Amino acid sequence: MANKVTFPENFLWGAATASYQIEGAWDKHGKGESTWDRFTHTPGKIRNNDTGDVAADHYRLWKKDIGLMKKIGLQAYRFSIAWPRVLPAGRGKVNQKGLDFYNKLVDALLKAEITPFVTLNHWDIPQKLEEAGGWAARSMTEAFVEYTDVITRALGDRVRNWITHNEPAVVAWMGYGMGIHAPGLNDYSLGVRAAHHLLLSHGQAVPVIRSNSPTAEVGITLNIAWNVAASNSRADRDAVRSNDGEWFRWFADPVYGRGYPSDKIDDFKKMGALPNGLDFVQPGDMDVIATPTDFMGLNYYSRHIIRTNGTDNDPQIVFSQPRTPEHWTEMGWESYPDGLLGVLGRVYFDYQPLKLYITENGASYSTSPDEKGDVHDEHRTNYLRAHFVAMHRAIQAGVPLAGYFLWSLIDNFEWSHGYAQRFGLVWVDYETQKRILKDSAKWYKRVIRKNGF
Ligand code: FCB
């Protein structure tokens with residue numbers, strides 16, 4: 001039977017992970033402490049006080065994991081580098097053993113004909129640098145450029161696809177503004193500074209990557225949701241503007257040469273997050289941040305229905321779907337595939353990136369192995385199928401979407417949720433580190449083979 005949904009010939013099918021979430025070996029072979037090591041070792045920060053000390057033990061089992069990728073037929077694999085594994089103190093002396101790990105990983109991926117996409121910063125920065133102020137300090141940008149230089153000199157001959165930062169909004173707001181993520185600070189004035197230094201270091205890193213990796217394509221990954229107002233009231237509509245400004249436009253606008261959005265500057269001033277205005281922005285910074293890139297990476301998971309408790313917005317109609325597993329994943333995130341079509345159209349229309357990748361999308365369901373050892377995770381498969389249809393519609397409509405990375409290859413440490421959430425195509429038994437391909441992985445394999453379904 002012919003496919004109902006066929007993707008363009010060169011469409012890239014992949015899966016994604018991040019160093020802290022899978023590697024474990026937090027203090028092995030000369031690795032330095034990361035902010036996430038420190039944060040998870042602080043009691044009360046993470047559900048069940050889980051840590052990434054062992055995680056999915058990928059540092060030891062990476063060959064097996066590449067075997068799983070081959071089994072699924074992945075064409076690309078997005079992973080991140082643990083900065084403190086390579087530069088234990090953040091700057092200065094290179095830990096050759098750490099670098100060798102990534103060298104071997106890249107070689108083995110290429111041998112397996114899997115294209116590596118490397119994320120330089122997926123959050124686990126060296127604790128030493130945090131002690132010097134972390135992303136809230138401008139010196140962090142120099143450290144990031146040095147680190148980028150070390151990595152791209154070592155891997156740039158073989159890795160072509162580079163992502164500077166993963167979800168800088170989450171780092172700035174959840175890490176520095178709200179204290180839900182490492183480093184656990186609770187001050188939006190630090191958050192705004194962190195955001196600026198993340199963006200600045202992105203722009204500074206782009207030419208360094210290009211010079212060490214001449215055929216490189218470089219981008220940044222931003223998180224985006226499909227935000228809708230719960231009612232047509234002014235308050236709810238304004239809350240959507242504000243939320244989108246904070247979580248998306250504050251990052252996308254500067255990267256695409258528009259500077260910081262003025263409505264959000266006003267909001268941040270009102271909330272006291274800019275006590276000295278934009279004093280951390282130095283002449284030339286905004287041009288550096290706007291250094292042209294080759295692609296934009298988007299992480300999309302869900303729709304957000306935004307409500308306020310303002311006085312002019314009653315009655316409220318909450319029109320989300322029924323609270324069943326079919327429509328809501330175990331993260332408490334709504335499955336809303338039309339939102340993926342929506343964000344792709346909106347981002348392409350608003351910013352015209354040359355190319356887009358979905359660098360993350362997926363669903364958390366804890367479906368476990370049955371007596372036979374099979375994992376019948378049909379809710380995940382349904383989530384994926386519906387989102388692939390949405391992606392296909394976006395491509396038909398003219399969005400230059402070049403590939404898709406499913407979050408995640410394997411079950412892993414889900415940040416503040418610890419091991420309670422499972423996003424993997426592959427089940428991980430954390431006691432034995434045994435891996436089992438879930439039904440969704442078998443389905444994904446067929447999709448990749450047929451380039452559609
Ligand atoms: C994203 C993160 C990723 C993963 C998913 C579920 O925000 O980039 O590491 O935890 O959420």
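Which residues are around the ligand? In this predicted model, local features were considered only at a pLDDT of at least 70 and side-chain atom pairs only at pLDDT 80 or more, whereas totals for chains, interfaces and linings use all residues. Residues are numbered from 1 along each chain as its sequence is written, and side-chain values use heavy atoms, with hydrogens and water left out.

The residues around the ligand, taken as those with a heavy atom within 4 Å of it, are Q21, H122, W123, N166, E167, N299, Y301, E360, W407, E414, W415 and F423. Among them, Q21 places a polar side-chain atom 2.7 Å from an oxygen atom of the ligand, E167 places one at 2.6 Å from a ligand oxygen, and for W415 the corresponding distance to an oxygen atom of the ligand is 2.9 Å. The ligand taken alone exposes 300 Å², of which the protein buries 94%; these accessible areas come from the Shrake-Rupley method with a 1.4 Å probe, and for residues only the protein chains shown count as cover.

In soluble globular proteins, nonpolar side chains tend to be buried together. Here the largest nonpolar core (buried Ala, Val, Leu, Ile, Met, Phe, Trp, Tyr and Cys residues joined through side-chain atoms within 4.5 Å) has 139 residues, and those with the most contacts inside it are F388 and M391. Helix α9 (residues 188-212) supplies the largest share of this core, 10 residues; helices (H or I, at least four residues) and strands (E, at least two) are DSSP runs numbered from the N terminus. When neighbours within four places in sequence are left aside, M391 is in contact (heavy atoms within 4.5 Å) with F7, F11, W13, L340, L344, I358, L401 and Y404.

Helix α5 (residues 96-111) comprises 16 residues and reaches 22 Å from its first C-alpha to its last, close to the 22 Å expected at 1.5 Å a residue, the expected span being 1.5 Å times one less than the number of residues. Its buried residues are G98, L99, F101, Y102, N103, L105, V106 and L109, where buried means under 20% relative accessible area, exposed over 50% and partly exposed in between (1.4 Å probe, protein chains only). The cover over these buried residues includes α1 (19-22), α3 (58-72), β2 (76-80), α4 (83-86), β3 (115-121) and α7 (139-155). Just after α5, E113 takes a positive phi of about 60°.

Within helix α7 lies T152, which is buried because its relative accessible area is 0%. The side chain of T152 reaches the backbone oxygen of T148 at 2.6 Å, and, not counting residues up to four places away in sequence, T152 touches W162, V208, I209 and N212.

A further buried polar residue, N227, lies in strand β5 (residues 217-229) and is classed as buried because its relative accessible area is 16%. The side chain of N227 makes a polar contact with the side chain of N243 at 3.5 Å, a polar contact being a pair of N or O atoms within 3.5 Å; within protein, one must be able to donate a hydrogen and the other to accept it, and residues adjacent in sequence count only if both atoms are side-chain atoms. Leaving aside neighbours within four places in sequence, N227 is in contact with V240, N243, D244, H304 and I306.

M178, in the loop between α8 (168-177) and α9, counts as partly exposed because its relative accessibility is 28%. Not counting residues up to four places away in sequence, M178 touches W173, L185, N186, Y188 and W247.
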